[in-house]
Amino acid sequence: MNGRTVLERFPAGGPRGSWPAEEFAHARRLEGLPAEVVMDIATDTFLVIVRSDKTVDAVA
């Protein structure tokens, strides 16, 4: 277990960079999830995550 739940993945090479990931995370925060964006260097992907110390009942 890596201590996080991945809600969504966005390619880092997209024309808008991290914006789609940031917009997705913002929408999840408005729903009450403590979502944040991190970069997965190994896969060149932005991940929208919720850390495991936060309670999440359902993920997309």
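In this predicted model, β1 and β3 pair in the antiparallel sense over 7 bridges. One of the facing pairs is R9 and L47, the latter in β3. On the β2 side, β3 runs antiparallel to its partner as well, with 5 bridges joining β2 to β3.

**Overall make-up**

The secondary structure of the protein comes to 1 helix and 3 strands, and from the N terminus on the elements run β-α-β-β. Of the 60 residues in the protein, 28% are buried. The accessible surface is about 4,000 Å², and carbon and sulfur atoms account for 53% of that surface. Taking contacts between residues at least 6 apart in sequence, 51% join residues at least 24 apart.

**The sheet**

The 3 strands form an open sheet in the order β1-β3-β2, with antiparallel pairing. Because β1 and β2 stand at the edges and each has a single partner strand, one side of each is left without a neighbour in the sheet. From one strand to the next, the twist averages 35°. Strands of a sheet pair through backbone hydrogen bonds, either parallel or antiparallel.

Strand β3 is mostly covered, with 6 of its 7 residues buried. The table gives bridge partners in β3.

| Residue | Opposite residue in β3 |
|---|---|
| R9 | L47 |
| V37 | V48 |
| M39 | F46 |
| D40 | T45 |

**The β2-β3 hairpin**

The hairpin of β2 and β3 has 4 residues between the strands. D44 lies in the loop between β2 and β3. Its phi is positive, about 55°, although D44 is not a glycine. At a relative accessibility of 44%, D44 counts as partly exposed, because that value falls between the 20% limit for buried and the 50% limit for exposed.

Strand β2 also contains M39, whose bridge partner in β3 is F46. What is the relative accessible area of M39? The value is 34%, and M39 is therefore partly exposed. Leaving aside residues up to four places away in sequence, M39 touches A12, D44, T45 and F46. The loop residue D44 is thus among the contacts of M39, and T45, another of these contacts, is the bridge partner of D40 in β3. M39 and S18 are 21 residues apart in sequence, and their C-alpha atoms are 9.0 Å apart in space.

**The helix and its packing**

Helix α1 covers residues 19-30, which makes 12 residues. From its first C-alpha to its last, α1 reaches 16 Å, close to the 16 Å expected at 1.5 Å a residue. After α1 comes G32, which has a positive phi near 105°.

Which residues of α1 are buried? They are A21, F24, A25 and R28. Seen down the axis of α1, these buried residues fall within an arc of 95°, so they line one face of the helix. W19 and L30, on the other side of α1, are exposed.

Where do the buried residues of α1 pack? Their partners are β1 (4-11), β2 (36-40) and β3 (45-51). The helix lies across these strands, β1, β2 and β3, and runs at about 145° to β1.

**Reading the parts together**

The picture is of an open antiparallel sheet in the order β1-β3-β2 with α1 lying across its strands. Strand β3 pairs with β1 over 7 bridges and with β2 over 5 bridges, and 6 of the 7 residues in β3 are buried. The helix turns A21, F24, A25 and R28, its buried residues, to the strands, while W19 and L30 are exposed on the other side. At the hairpin of β2 and β3, D44 takes a positive phi near 55°.

Note on methods:
Residues are numbered from 1 along each chain as its sequence is written. This is a predicted model: local features need pLDDT of at least 70, side-chain atom pairs count only at pLDDT 80 or more; totals for chains, interfaces and linings use all residues. Side-chain values use heavy atoms; hydrogens and water are left out. Helices (H or I, at least four residues) and strands (E, at least two) are DSSP runs, numbered from the N terminus. The expected span of a helix is 1.5 Å times one less than its number of residues. Buried means under 20% relative accessible area, exposed over 50%, partly exposed in between (1.4 Å probe, protein chains only). The arc is that of the directions from the helix axis to the C-beta atoms. Contact means heavy atoms within 4.5 Å. Two strands pair if DSSP finds at least two bridges between them. Axes are lines fitted to C-alpha atoms, for helices over the stretch in contact, and angles run from 0 to 180 degrees between N-to-C directions. Accessible areas come from the Shrake-Rupley method with a 1.4 Å probe; for residues, only the protein chains shown count as cover.
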